[in-house]
Number of protein chains: 2
Amino acid sequence: MERGKLSRERVLDAALALVDEIGVKGLTMRRLGAEIGVEAMTLYYYVPNKEALLDGLVERVLSRAVAEPPAPGTPWRSMLREAAVGYRRELLRHPGVLPLVAGRPVSGPEALQVLEAGVAVLREAGFGLREAFHAITATITFVVGHTLAEVPPPGQDEPALDTTGFPLIAHAVAEGLGAPEDHQSRFDYALDALLDGFAARLRA
Amino acid sequence: MERGKLSRERVLDAALALVDEIGVKGLTMRRLGAEIGVEAMTLYYYVPNKEALLDGLVERVLSRAVAEPPAPGTPWRSMLREAAVGYRRELLRHPGVLPLVAGRPVSGPEALQVLEAGVAVLREAGFGLREAFHAITATITFVVGHTLAEVPPPGQDEPALDTTGFPLIAHAVAEGLGAPEDHQSRFDYALDALLDGFAARLRA
DNA sequence: AGTTCTTTCTTACGGCGTAAGAAACGGATG
DNA sequence: CATCCGTTTCTTACGCCGTAAGAAAGAACT
């Protein structure tokens with residue numbers, strides 16, 4: 001590789017592309033180096049170790065989930081909805097990093113800023129402090145859980161399930177359960193249910 | 001190791017204990033063998049490969065989540081609630097396997113049987129076929145997502161977060177956000193919200 | 001030119017999953 | 001008793017992995 005063309009950015013770019021293609025399990029320093037055209041050890045000039053590289057991938061994906069911290073006065077419901085939709089959008093854009101997102105607590109300053117602003121919006125809307133945190137956290141964890149079930153991590157396919165003896169399941173599968181638009185509709189169904197539940201708690 | 005004392009059961013037992021203690025990342029065939037008092041390759045007499053061993057762990061943990069398939073006539077709401085609570089109970093009992101559960105689609109016959117019975121209960125209660133599946137899947141994925149955020153995988157601790165500049169977060173942390181009973185209350189809050197949302201959709 | 005700083009590569013170590021087959025053991029059979 | 005045989009365990013070895021240590025190559029400045 002010619003000198004000076006590399007940077008942490010380019011390393012993360014290549015790593016993200018590689019993870020999306022072959023999954024986290026297939027990402028090795030040697031393979032990533034080969035993809036970029038460089039020896040494995042060269043990567044350590046830009047990244048202290050592999051763990052930090054994975055952290056960088058998570059941060060990069062999540063940073064695009066929410067455009068910017070919600071402004072005060074935003075309606076709480078659309079705020080939560082948009083956060084959930086954006087989160088899911090980015091996770092689906094990079095399914096390979098999903099296992100990483102699932103295993104890492106979110107604690108970067110950028111995320112905290114969004115959280116703080118979100119809590120402020122909910123407080124304005126009448127939520128208690130505790131309830132505000134619960135609502136936001138529950139929304140995010142719901143999205144993570146849902147998306148985990150939705151996409152098979154790259155590099156492995158879903159096993160076909162044997163529905164003999166289970167007429168309801170067989171019928172549902174025949175009607176398209178598991179198809180992409182089914183995931184969308186399940187997401188909307190459950191997200192709206194969750195938000196309805198928050199609304200009911202707000203009234204009480 | 002004296003002969004004949006080993007079995008697939010005992011291997012899985014030891015693996016589960018080891019995973020709970022040091023996490024999935026620390027589980028290696030050599031280490032597991034040492035724990036049992038046997039060479040690594042001996043394990044391959046009871047398990048075709050490591051992946052299958054991990055599958056076995058997941059199956060073992062999840063099989064205890066729901067005592068038995070719900071009987072027809074069970075109230076739908078308490079059925080979903082108990083399934084969620086049981087699922088979370090088992091996941092918390094073995095936090096080490098959480099990353100495995102998160103990454104594996106549930107498709108064993110035992111799980112399908114519970115699912116079939118659950119859908120039947122919801123259909124009786126008036127849910128459409130599609131909505132019944134959505135409600136069950138959403139409940140489970142919610143539990144997985146929630147529990148992922150709740151427990152740090154063994155072998156790593158939560159990083160302390162810097163709350164300077166975020167007064168709401170700082171205040172909430174000071175009031176015990178993140179403490180065990182907070183997780184419980186958030187779980188109850190969000191689960192009931194979700195179930196309320198299902199109920200509202202059932203009425204409509 | 002020589003010197004210094006930045007960037008890349010070479011080599012090597014210990015640990016991983018596991019393929020292949022040898023070795024030990026226990027019970028049945030003569 | 002000796003022999004055989006199926007079951008269970010161990011030995012050895014291969015090709016991967018992350019990465020420590022430091023040599024080498026290139027660019028920039030004096």
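**Protein contacts with DNA strand C and chain symmetry**

In this predicted model, the side chain of B:T28 has an N or O atom 3.4 Å from a phosphate oxygen of DNA strand C, a polar contact being a pair of N or O atoms within 3.5 Å. The model is predicted, and local features need pLDDT of at least 70, side-chain atom pairs count only at pLDDT 80 or more, and totals for chains, interfaces and linings use all residues. Residues are numbered from 1 along each chain as its sequence is written, chains are lettered from A, and side-chain values use heavy atoms, without hydrogens and water.

**Surroundings of DNA strand C**
- DNA strand C is surrounded by 19 residues, the closest being A:R3, A:Y45, A:Y46, B:R30 and B:Y44; a residue is near the strand if one of its heavy atoms lies within 4 Å of it.
- Of the strand C atoms that come within 4 Å of the protein, 55% belong to sugar and phosphate.
- The surface near the strand comprises ten nonpolar, four polar and five charged residues.

**Individual contacts**
- A base nitrogen of DNA strand C lies 2.6 Å from a polar side-chain atom of B:R30.
- A backbone N or O atom of A:E39 is 2.9 Å from a phosphate oxygen of the strand.

**Annotated region**
- UniProt, in an unreviewed entry, places a "DNA-binding region" at residues 28–47 of chain A; such annotations may be inferred rather than shown by experiment.

**Relation of chains A and B**
- A turn of 180° with a shift of 0.0 Å along the axis lays chain A on chain B with an RMSD of 0.0 Å, superposed by least squares on the C-alpha atoms of residues with pLDDT of at least 70 in both.
- This is the relation of a two-fold axis.

Technical notes
Polar contact = N/O pair within 3.5 Å; in protein donor to acceptor, adjacent residues only side chain to side chain. Nonpolar A, V, L, I, M, F, W, Y, C, P; charged D, E, K, R; others polar.
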